[in-house]
Amino acid sequence: MTTLLQVNASIYNSSGQSSRLADQFVAAFRKRDRAAKIVVRDVAAAEPVPHLNAERFGAFITKRDERSAAQHAMVAYSDTLIDELKQADVIVIGLPMYNFGVPSQLKAYFDHIARAGVTFKYTEKGPVGLLTGKKVYVFAARGGLYAGSPLDTQTSYVRDFLRFLGMTDVEFVYAEGLAISPQSKETALAKAVAEIGRLTAYEAPLEKNAA
Ligand SMILES: Cc1cc2nc3c(=O)[nH]c(=O)nc-3n(C[C@H](O)[C@H](O)[C@H](O)COP(=O)(O)O)c2cc1C
């Protein structure tokens, strides 16, 4: 059974454009794979992830049998987020752009899932990500137009971070220019929905002995 983890990061919960696009992708995915298990984690609105601070990071790096009860609770929360990722075959991220970057709660989520020895390890050849074999789809909603320009630091940041944890198969779908005009918004959303259709189109199994 395939497990899909949907991570929403809009401050507008499921009304955010990025969440809506992620929802549409997941609905189409579910049509194709009715047995798929869908898990939703809302990191910004419903269950905001707390920002990393010295106490939290201290808990992560304290040996298990030396942790206080409060530290155990902080690590258990991070472990829950990581377990969801480990269980997932497919990860869908709804990614709003706020002030040129990712929502601060998504950054906080990233800070909770990047754990040395758990989701990545350091080797003589450099860091190695441990969350491998996953397919990631990112639905990026933006008021302006940035994709493909040097101003789009968001894409490279998210891609680099996911790669650091071992997730190298990452596809971005953009809905840009949402704040430019009603027509620009309509066109951008229609383009993103068409892209979702392409990504979730039924792929016929290859014929055996096909030429
Ligand atoms: C606080 C805030 C900051 C924003 N900053 C930017 C920005 O820097 N660049 C941009 O293109 N759009 C910006 N926008 C527009 C959002 O990217 C756009 O509304 C998008 O739909 C957000 O995704 P969401 O609807 O899933 O929350 C901002 C919106 C808000 C609310």
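Colleague: Before we look at the ligand, what counts as near a molecule here?
Modeller: Happy to start there, and please keep in mind that this is a predicted model. A residue is near a molecule if one of its heavy atoms lies within a set distance of that molecule, and the cut-off is 4 Å.

Colleague: Thanks! Of the 16 residues around the ligand, which come nearest?
Modeller: The shell around the ligand divides into eight nonpolar, seven polar and one charged residue. Of the 16 residues in that shell, five come nearest: S10, S18, M97, Y98 and G144.

Colleague: How far is a polar side-chain atom of Y98 from an oxygen atom of the ligand?
Modeller: Y98 is one of the residues that come nearest to the ligand. A polar contact needs a pair of N or O atoms within 3.5 Å. The polar side-chain atom of Y98 and the ligand oxygen are separated by 2.7 Å.

Colleague: And which residue has a polar backbone atom 3.0 Å from a nitrogen atom of the ligand?
Modeller: Backbone atoms take part as well: a backbone N or O atom of A141 lies 3.4 Å from an oxygen atom of the ligand. For the ligand nitrogen, the backbone partner at 3.0 Å is G143.

Colleague: What share of the ligand's exposed area does the protein bury?
Modeller: Taken alone, the ligand exposes 620 Å². Of that area, the protein buries 76%.

Colleague: Let's turn to charges. How many salt bridges does a search of the whole structure find?
Modeller: Side chains of opposite charge can pair when their charged atoms come close. One such pair is E84 with R41, whose side chains meet at 2.8 Å, N to O. The search of the whole structure gives a total of 11.

Colleague: How many residues apart are E84 and R41 along the chain?
Modeller: E84 is in helix α3, while R41 is in strand β2 (residues 37-42). The salt bridge between their side chains therefore links distant parts of the chain, and E84 is buried at 17% relative accessible area. R41 also counts as buried, because its relative accessibility is 8%. Along the chain, the two are 43 residues apart.

Colleague: Why are D111 and K107 separated by about one helical turn?
Modeller: The side chains of D111 and K107 meet in a salt bridge of 2.9 Å, N to O. K107 is partly exposed, with a relative accessible area of 34%. The separation is about one helical turn because the two residues are four residues apart in helix α4 (residues 104-113).

Colleague: Which strands hold D169 and K135?
Modeller: Their side chains meet in a salt bridge of 3.0 Å, N to O. The pair ties together parts that are 34 residues apart in sequence, because D169 lies in strand β7 (residues 169-175) and K135 in strand β6 (residues 135-141). D169 is partly exposed at 38%. So the strands you asked for are β7 and β6.

Colleague: Which residues are linked with K135 and D169 in a network of salt bridges?
Modeller: The salt bridge between D169 and K135 belongs to this network. The other members are E171, E195 and R198.

Colleague: Last one: is I61 buried or exposed?
Modeller: I61 is found in helix α2 (residues 54-61). With L52 and F57, I61 makes a nonpolar surface patch of about 280 Å². The cut-off for exposed is over 50% relative accessible area. I61 has 60% relative accessibility, so I61 counts as exposed.

Conventions
Residues numbered from 1 in each chain as written. Predicted model: local features only at pLDDT ≥ 70, side-chain atom pairs only at ≥ 80, totals over all residues. Heavy atoms only, no water. Patch = residues over 30% accessible without salt bridge, like charges linked within 9 Å, V, L, I, M, F, W, Y side chains within 5 Å. Areas by Shrake-Rupley, 256 points an atom, 1.4 Å probe, with all protein chains shown as cover. Salt bridge = Lys/Arg side-chain N within 4 Å of Asp/Glu carboxyl O. Buried < 20%, exposed > 50% of the residue type's maximum accessible area, 1.4 Å probe, protein only. Polar contact = N/O pair within 3.5 Å; in protein donor to acceptor, adjacent residues only side chain to side chain. Nonpolar A, V, L, I, M, F, W, Y, C, P; charged D, E, K, R; others polar.
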